[in-house]
Each structure stands twice: as structure tokens, then as C-alpha cells.
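Here are a few exercises to work through with the model open in your viewer. Try each one before you read its solution.

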Amino acid sequence: MAKPHAITPRKPSFDVRDVPVFWNDGDPVLTRFFDALSVHFPDGERFFIQSVRNYQDRVTDPKLKEDIRHFFRQEAHHGIVHDTYNTVMAAQGINVDKIVARLKMAIRLFQTHLPPKHQLALTAAFEHITATLGEGFLEGEGEMFRHAHPVMRAMFLWHGVEEVEHKAVAFDVYETAAGGGYFTRAAALLGGTAVVHLVVGSVAWHMLKVDGMSRRPLLIAKGLNRLYGPRGLLTRLVPRYLDWFRPGFHPMDTGMPEKVEAWLAEYRKHEDPMLASDMVFGDPALAQAA
Ligand SMILES: [Fe+2]
Ligand SMILES: [Fe+2]
């Protein structure tokens with residue numbers, strides 16, 4: 001297993017006021033896929049926090065106790081930042097209130113009918129999805145956001161890095177304080193993946209309808225191919241995603257990817273997520289001149 005990694009809460013802010021509608025390479029599908037994820041983050045992350053909080057008192061390891069506190073602070077700030085972007089999407093005509101109300105209702109159902117251990121397994125599974133995505137954001141040449149608006153790229157890279165930093169917290173609480181168990185966690189990822197696709201798919205479709213893009217099948221097919229095609233941005237993450245089903249898996253088996261470390265080292269110098277993201281994937285000369 002890789003060496004333990006410090007989790008550092010950061011509180012950056014992002015000026016999203018001038019973000020264009022199709023901020024990710026001008027591609028409606030690529031943009032609305034991430035927008036549909038983003039709109040669910042604030043309440044989703046509050047659910048993750050609560051699921052871990054249910055077991056916080058049973059954790060005895062001092063390092064894990066400290067990691068939990070930092071995990072809470074990171075997730076809480078992710079919620080605040082994505083909430084700000086929700087106001088931009090609402091101004092575009094997206095029915096953010098309805099989407100959020102539907103999510104709150106689903107979370108209430110989960111919290112009422114699922115045992116706390118299953119809520120935690122689901123949280124650990126969602127954290128595996130967000131960490132896998134976070135590693136994907138930063139791998140290779142950063143293709144997911146290479147031509148994205150710089151503010152949105154910086155926002156997703158910062159969030160992605162922190163998801164990688166705290167990727168083991170919910171898993172470790174599940175294993176050490178909730179009794180663990182392979183089949184519950186395996187089922188949680190299968191169920192969680194189905195829920196994410198149903199929810200994100202339907203919300204992204206609503207967004208594309210609002211944009212007037214839902215009757216552009218070729219454009220939609222091209223965008224879906226960029227995500228799910230044979231060389232798609234998400235397709236290439238499948239082996240990492242499937243790691244979860246290996247008995248004995250631990251999120252830190254893969255450690256901290258090189259580009260995540262590079263982002264962290266850069267951020268430590270100036271605490272500017274825009275500059276850190278430009279230095280890792282943009283033109284360093286331009287970033288330094290800015
Ligand atoms: Fe998060
Ligand atoms: Fe997270």
C-alpha cells in the first residue's frame with residue numbers, strides 16, 4: 001500500500017460569473033455531463049459527510065479521526081463552490097431547484113430506509129467514483145478539460161485533487177468502524193453506478209433540451225463517443241473503476257498519481273488553483289506572466 005497522505009482542506013473561490021454555457025471545449029455533451037454531476041455535488045456531499053459522521057464515534061485510530069475532520073472540511077467547501085455554480089446554471093434556464101429537490105427527496109429515502117452501514121458503503125462507493133474521476137481529470141495530458149474555460153478547469157481539477165487526497169477515508173471508516181464486508185461494498189458500487197447514470201443521464205438530457213441541443217443527434221453521438229467510445233474519456237477509467245471489485249482492494253493501492261502531486265506542489269507555492277491548473281496543464285510561461 002502507498003504511504004499515508006496528509007489531507008489538507010483548502011478554501012479557494014472561483015469567479016464563475018463569465019463562464020460560457022458550453023464551457024468544455026464548446027461541446028454541449030461534454031459540458032452538460034460535468035454540469036449534471038456538479039448540480040448534485042452540494043447535497044450529495046452533505047450525504048457523504050453524514051454517512052461518515054454516523055460512525056465517527058466508533059473510530060479509534062487518531063490518524064483516521066484527523067482524516068475524517070479534514071474530509072468533512074473538504075467536502076463542505078466543495079458543496080459551497082458547486083452551489084455558487086448552481087446559480088449560474090439556474091440563470092441559464094436549468095431547473096436547478098427541481099433537480100435539487102428531487103435529490104434531497106432521494107437522500108431522505110436513503111437515510112430513512114437504508115441501514116447506516118449501507119449508507120456508508122454507498123458513500124465509500126461514490127467516493128471511489130469521484131476519486132477515479134479525479135485521477136482521470138489529471139492524467140495524461142488532461143484531455144477531459146484541455147480546452148475548457150480556465151475557471152471551470154481549475155474548479156474541477158481542485159475538486160478532483162481533493163477527491164484523490166481523501167479517497168480512502170469513507171472506505172477506512174467502513175472497514176474499521178462499520179464491520180466492512182466485500183459483498184455490501186461491491187453491491188454498493190453497482191447500485192451507485194446505476195444511480196449516477198440514471199440521474200446524471202436524465203439531468204444532462206434536461207439541460208440539453210433547455211439548450212435546444214436535444215434534436216441534434218449527430219452532435220450528441222459525437223459527444224457521447226468522446227465520453228464512452230472505444231477511446232472515450234470515461235472508457236479509459238474502467239480498469240481503475242473495476243479495481244474496487246478485487247478482494248483486498250484498498251483505495252490507496254494506487255497512491256497519488258504524479259499529476260496530482262504536481263498540482264499539490266504547485267498549489268502549495270501560491271494557493272491559487274487557477275495558476276496550479278495552468279502550471280500543470282496549460283502554458284507555464286503564460287501562467288507565470290499572468
Ligand atoms: Fe467532493
Ligand atoms: Fe469526496
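**Exercise 1.** Find which residues V169 is in contact with, leaving aside its neighbours within four places in sequence.

*Solution.* Start with the cut-off: two residues are in contact if their C-beta atoms, placed from the backbone, lie within 7 Å. With that, V169 touches V52, D67, I68 and F71. Next, place the residue: V169 sits in helix α6 (helices are DSSP runs of H or I, at least four residues, numbered from the N terminus). Then count neighbours: V169 is buried because 25 other C-beta atoms lie within 10 Å (20 or more is buried, 12 or fewer exposed, in between partly exposed).

This is a predicted model, where local features need pLDDT of at least 70, side-chain atom pairs count only at 80 or more, and totals for chains, interfaces and linings use all residues. Residues are numbered from 1 along each chain as its sequence is written, with chains lettered from A and ligands numbered from 1 in written order.

**Exercise 2.** Work out how α4 and α5 cross.

*Solution.* Fit lines to the C-alpha atoms over the stretch in contact, and take the angle, 0 to 180 degrees, between N-to-C directions. The axes of α4 (residues 116-138) and α5 (residues 150-165) come within 8 Å and cross at roughly 130°. So α4 is oblique to α5 (under 35 degrees is roughly parallel, over 145 roughly antiparallel, 65 to 115 roughly perpendicular, the rest oblique).

Finally, list who meets whom: T130, A131, L133, G134, E135, F137 and L138 in α4 meet F156, L157, G160, V161, E163 and V164 in α5.

Technical notes
Helices (H or I, at least four residues) and strands (E, at least two) are DSSP runs, numbered from the N terminus.
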